[in-house]
Amino acid sequence: MKRILVLFAHPRLRRSRIQRALADSVRGVEGVTFHDLYEAYPDFHIDVAHEQKLLTEHDIIVCQHPFYWYSTPAILKQWEDLVLEHGWAYGKDGTALRDKCWMHVMSTGGSAEAYCCSGQNRYTIRQLLAPLEQTAMLCGMTFLPPLVVHSSFRVGDLELHNHARQYRTLLESLRDGRLDPAELAAAECLNLEL
Amino acid sequence: MHLETFLAQAFIYLLAAVVSVPVAKRLGMGSVLGYLIAGALIGPFVLGFIGKEGQDVMHFAEFGVVMMLFLVGLELQPKLLWRLRGPVMGMGGAQVLGTGAVIALVGWLMQYPGKQAIAAGLILAMSSTAIALQTLAEKGLMKTSAGQASFAILLFQDLAVIPLLAVLPLLSSHVGAAVPHAEHGSGHSLAEGLPGWQQALLTFGAVALIVGGGRYLIRPIFRYIARTQLREMFTATALLLVMGTALLMQSVGLSAALGTFLAGVVLAESEFRHELESDLEPFKGLLLGIFFIAVGASIDFGLVGSQPMDIALWIAGMILLKGIVLFAVARFSGLCLPESLLMACALSQGGEFCFVLFSVAQSGGALPPELSSKLTAVVALSMAVTPILLLIYEKMLLPRLQKRENEREPDAIPESDNPVLIAGYGRFGHIVGRLLAVNRINATVLDLDSEQVDFLRRMGMKLFYGDASRLDLLHSAGASRAKLFILAIDDEEKSLKIIETVRHNFPHLTILARASGRIHAYEMVRRGAHYIYRETLGSSLDLGKEALRLMGIPAHEAHRAAKKFREFDERSIRNMADVWFEHKDGDAYVNAARDQIAEMEKLFAVDAEVRESPSDEAWDTESLRNEALEEEGKQ
């Protein structure tokens, strides 16, 4: 059984219907550690040793967050800057994360169609995630395609429920080894696969 | 007594107390002196409102002393009492025997017969538990070492009354005089006339009953009473317990006060301790008040008036002799100079037991009636002197002693180029100092508390004894080369003075100052302190932040709320300082303060609404959502 760490980042959780529903669907699932960064570090004072220990103890790292300005909320960037140390996560001796998986579970305001070269956002999600993908690569990790809830302002209750269930099923399948990360890696986005 | 006369009497007592005690407190004299003066005023010799009944009232009011000892007992856990056994026997024994011997010697030198001198000496060794404990407690000195030592000595004196009652008749000058019973209150002793071993058995039985009963009988009873939920029943039971114990002790010829003290100690660890305390406290206070009034009323001003110089000399002599012995005992037990003086002042009066012992001595023939009544007046008046003595100690002696302490020469400060200067290294300053130290920022530290300085030095910290308000010391501490001046002293006035001095003489220094509260902060703004920290603001906000979090507000939001609050409040200190100085607490200040509060509420209202309903903020997406929906509508 694989162990999954969900790094959750939302500065205003109460306001987010989508993120709350997604979070609620995986919190407490066996083998899943749910880690709310804004709750743990309200002052951004990240406990690096603790974070590295958590990473070591898990096989799949899931970053769950809203897609702010084509990137993550600030605390996740802070987390990357501090936790992924040279000599630990990357570099000649940095092998701590090797062969683990990294993926993003995100919500965006724009529709799926807006994320293409002819759309409003001009790039695909996968393209916009390039810095993060490269970060994972540098750490020797397998970067999985993101799971994205698009058009978050318009998602109806039923649709939201389906997204949440899909998210949970995805994590359970990864945990139990029913999905092979290597086979998923090439896809644009995981919601399409399921 | 008829109801009318009883009501009239009660009215006079209460009126006297209500009028004089607040006045006395206002004048800084403490309530005991107020009661005594009230008593003297309404007594037979001044206004004459109360006459011989004073004596009856006194017997009744002595119950206040009994109750006080019960409450003192409640405060003392047996463990603490056991720890006190040394001081009680050692200091108490030395005090009683020493005072007895010194006064007896003086009496003998004054040509009184030896036995009379010894009897008077032993009796006058007693001090007033009621006055000493009440006054010390009122001044908050009970927990000091002088307070503890006083308590130990008083405890020993209460114990010593019992053998004294037995010894006094032996000092009778005419052999074969009728030996009266121990006349305490009007209790007839059961033990009287029994052979010695039976008396001893009875005594042990009574003590065992109190200890055993307290442990195995009283607690279930209280539990049962508590279950009835009737508050007055609990009070009644508590009174019943104290009265019963007093009666029991008296009936076997022991001190009632001692008995109830023991009962208190036994119950000190019970779950009813606090309830008993709060139930009995008002009774104790009132009864003690009546007791002091009765003492004041019983002072025989006729006798005093007939030989005023003589009586005054005797009072002064007794207080001086007792004071010297007490002072010697205290110094010998290792108390420091001010504490020893305090104890000498607090215990130098004659005690309430003296009255009992005088009457026993007189009827037993140990003291002639004239001497006994003169000494009674001396003792009663000496009680009135104690609060005055303590006042003198507090207002005149202590400041001098402290000044002498403060005359310690400031330490020589070695030349250094420390960038930071810290004034005051108490509970506030030393945290700042340690934070700097672990970050390798050197600070020169000045503190005025010599004990603190010596103690922290022993812990390896570098600090110097000295007054930061002295310009020469600031110079030698390197103020002209430093960058920061951190002001963390307790004394509000002094801190303002220091800011002025530093601003004037070392304008290059950045001043970070600790303020005790808002008004103090205003004063600092005016004097130009650069950064002002109200000493409890930070920890209050920490606590508030945690409270928000525990009430379900996410940690990050609670953190930001506290930050926002702090920023606003600190800005408001700067804004409000001018208003404060212009209008003091006039309407303009109040209005400005109200505006600030309203503005703060408005500032936070947005957040509060977010919790309830959506609204705009960078992370929130209401406008974004509307726009998105609009776009969609257009398509």
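**Close-ups of chain B**

Of the 635 residues in chain B, 47% count as buried. Keep in mind that this is a predicted model. Chain B holds 26 helices and 6 strands. Take the contacts in chain B between residues at least 6 apart in sequence, and 74% of them turn out to join residues at least 24 apart.

**View 1. Helices α5(B) and α8(B) cross at roughly 70°.** Here we look at α5 (residues 85-109) and α8 (residues 145-167) of chain B, whose axes come within 8 Å. With angles of 65 to 115 degrees counting as roughly perpendicular, α5(B) and α8(B) are therefore roughly perpendicular to each other. On the α5(B) side, the contact is made by P87(B), V88(B), M89(B), M91(B), G92(B), G93(B), Q95(B) and V96(B). From α8(B) come A149(B), A152(B), I153(B), L155(B), F156(B), Q157(B) and L159(B). Sort the residues of this contact by type and you get 11 nonpolar, 4 polar and no charged.

**View 2. Helix α10(B) runs from residue 231 to residue 251.** Its 21 residues reach 30 Å from the first C-alpha to the last, close to the 30 Å expected at 1.5 Å a residue. Plenty to spot along α10(B): the buried residues include F234(B), L239(B), L241(B), V242(B) and M249(B). T235(B), T237(B), T245(B) and S251(B) are buried too, as are A238(B) and A246(B). Just past the end of α10(B), G253(B) takes a positive phi of about 80°.

**View 3. D491(B) caps the N-terminal end of helix α21(B).** A side-chain oxygen of D491(B) lies 3.1 Å from the backbone nitrogen of E493(B). The helix itself covers residues 492-505, and its 14 residues should span 20 Å at 1.5 Å a residue; the end C-alpha atoms are 20 Å apart, so that agrees. Look for the buried residues S495(B), L496(B), I498(B), I499(B), T501(B) and V502(B). The buried residues of α21(B) pack against α20 (471-476), β4 (484-487), β5 (510-515) and α22 (518-527) of chain B.

**View 4. N418(B) sits in a loop of chain B, between α17 (369-406) and β1 (420-423).** Loop or not, N418(B) has a relative accessible area of 17%, and since buried means under 20%, N418(B) is buried. The side chain of N418(B) makes a polar contact of 2.9 Å with the side chain of T444(B). Leaving aside residues up to four places away in sequence, N418(B) touches N442(B), A443(B), T444(B) and A482(B).

Conventions. Residues numbered from 1 in each chain as written. Chains lettered and ligands numbered in written order. Heavy atoms only, no water. Helix = DSSP H or I, 4+ residues; strand = E, 2+ residues; numbered from the N terminus. Buried < 20%, exposed > 50% of the residue type's maximum accessible area, 1.4 Å probe, protein only. Polar contact = N/O pair within 3.5 Å; in protein donor to acceptor, adjacent residues only side chain to side chain. Contact = heavy atoms within 4.5 Å. Expected span 1.5 Å × (residues − 1). Axes fitted to C-alpha atoms, helices over the stretch in contact; angles between N-to-C directions. Parallel < 35°, antiparallel > 145°, perpendicular 65-115°, else oblique. Nonpolar A, V, L, I, M, F, W, Y, C, P; charged D, E, K, R; others polar.
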